[in-house]
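The exercises below are meant to be worked through with the sequence and the model side by side. Try each task before reading its solution.

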Amino acid sequence: MTRLSPRDAVFVYDETDRHLSNIAAFYVFGAESGEALAPAEISAWLRARLGYAAFLNRRLRRVWGDLELPRWEVDPGFSVDDHLGFEAPGDWPAARARIAAIAATRLDLDRPPWRIQVLTGVRGVPGVRGAATIVVLLLHHSAGDGIATRELESRLFARPELPVSARRAAAGRALPAPLVAARIAGSAGLGALRFADGLRRSKAAAEEVRARAASGDLHEPRASRPATRFNRATAGTPIFDMVTLPLADVRALRAGHAERVTVNDILLSTVAGALSAYLAERGERPAGSLAAMVPLSTRPVADWDSANRIAQLFVDLHTDIDDPVLRLRAVAESARREKRRGTDPAVLRREARVETAPPWLLRLAGWARAQRDFTAGETIPYANTTISNVPPVADALELCGAPLIRAQGVLPPLDGDALRHLISSQGGEVVITFSSYDAILPGPAHYADLLRASFDELAAAVATRGTAPA
């Protein structure tokens, strides 16, 4: 059995029916003939590649009272058939609805926490001639983050299957209950000592961060933001849509700006403009600025022993600034400050307190978060929306000879974070996927139009002025 790291276990303890710990991605394949792929052929392809990630045949086991962290164990009743399904929704709008529903489905942690649902014969998919095949991959976050998902997809959709010797070994058999109990009792004292030492070290790091924030060396994010319709409890039917932007246009905007900005700065500012416009149309735009939670991979700066290696940045979107170029400049500065804070060694040491926290405390913290009421609060902690991005998709991926046309992710909307965005690039395009509920985001197609309009307005302003006036 392999024990979860505390960082990964948090995704188990925090999960409720209204706060899912899912990673959802979908992959669009189009055969050159324009005809749909056969389910039997797809099944054989996937089965030949499903042995490369050890968690695919493992389930999570928790002990009574969460006296120790959950552990992976081989599921003795594992069958691929329980995790692989096929359906033919017909057209792209119907497929979109199914993808949104799948992303918002809670996984059963008494079984290996993943599912692949294949949507066959989908007509009208943007960028695909004829019938497309869409593979929807649903994973639990305790098994890995977005970058780990990229690694998995590169195996599932590689042209030749890897040799058996390259596959991951399965986890060991479950330990007898008496041995588990003895191990828990023996590790309790050591765990208490580690927790005390962890508190001491994180407290010292927190004091250093406070001192540096007071001196202006670091900039801590604002602890609260004005709540909007997107920060209420989820309600209605899950939805998602996406907006495609030419990568050449994004790069031209970046090159035309007189000050240094990143592609991510541009896209954050694009979302900010659309959010502001959508709320303003409904008379709901708050006077204060909104902010986004932006995940950042810690792989270059921290050697964490966990499947999830991400830190949370809270970037001010400056939605209270109407001028698109001024807003871009402000967003870029806020993003730079947050990235510097999020990768600072003292901040990383402060956040490392989770690594020594006892399992019962992690579970208690998860329970406390689940008790929050999102019905009428005037503020929301730290961020109003999520804007995540993932690395570009690997080249030359395919399914049964059909090339990959597009790979996208869908973030399941949560209570308090009911409009979420995921950005990715592939080939010559950048795609912004957004997900919500129809009662929270009426008119998702209009929100997509506002995203395009926000980008176009920013591009036109940069082309005219180059940069904001001093």
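**Exercise 1.** Describe the outer surface of the chain and the share of its residues that are buried.

*Solution.* Begin with the surface of this predicted model: the accessible surface of the chain comes to about 20,500 Å², and 55% of that area belongs to carbon and sulfur atoms. Then turn to the interior, where buried residues account for 51% of the 470 residues.

**Exercise 2.** Decide how the radius of gyration of the chain compares with the globule rule.

*Solution.* First list the secondary structure, which comes to eleven helices and 17 strands. Next, take the radius of gyration, 23 Å, which is close to the 23 Å given by the globule rule for 470 residues, so the chain is as compact as a globular protein of that length. Finally, look at the contacts between residues at least 6 apart in sequence, of which 79% join residues at least 24 apart.

**Exercise 3.** Locate D66 and Y382, and determine for each whether it is buried or partly exposed.

*Solution.* Most residues other than glycine have a negative phi. D66, however, has a positive phi near 50°, and Y382 has one of about 70°. D66 lies in the loop between β3 (58-61) and β4 (71-74), while Y382 lies in the loop between β12 (379-381) and β13 (385-389). Because buried means under 20% relative accessible area, D66 with 2% is buried, whereas Y382 with 34% is partly exposed.

**Exercise 4.** Characterise the region that UniProt annotates as "O-acyltransferase WSD1 C-terminal".

*Solution.* The unreviewed UniProt entry assigns this domain to residues 308-458. Over residues 308-458 the chain is 35% helix and 28% strand, and the end C-alpha atoms are 34 Å apart.

Terms used
Residues numbered from 1 in each chain as written. Predicted model: local features only at pLDDT ≥ 70, side-chain atom pairs only at ≥ 80, totals over all residues. Heavy atoms only, no water. Helix = DSSP H or I, 4+ residues; strand = E, 2+ residues; numbered from the N terminus. Rg over C-alpha atoms; globule rule 2.2 N^0.38 Å. Buried < 20%, exposed > 50% of the residue type's maximum accessible area, 1.4 Å probe, protein only. Contact = heavy atoms within 4.5 Å. Areas by Shrake-Rupley, 256 points an atom, 1.4 Å probe, with all protein chains shown as cover. UniProt positions renumbered as here; feature names shortened; annotations may be inferred.
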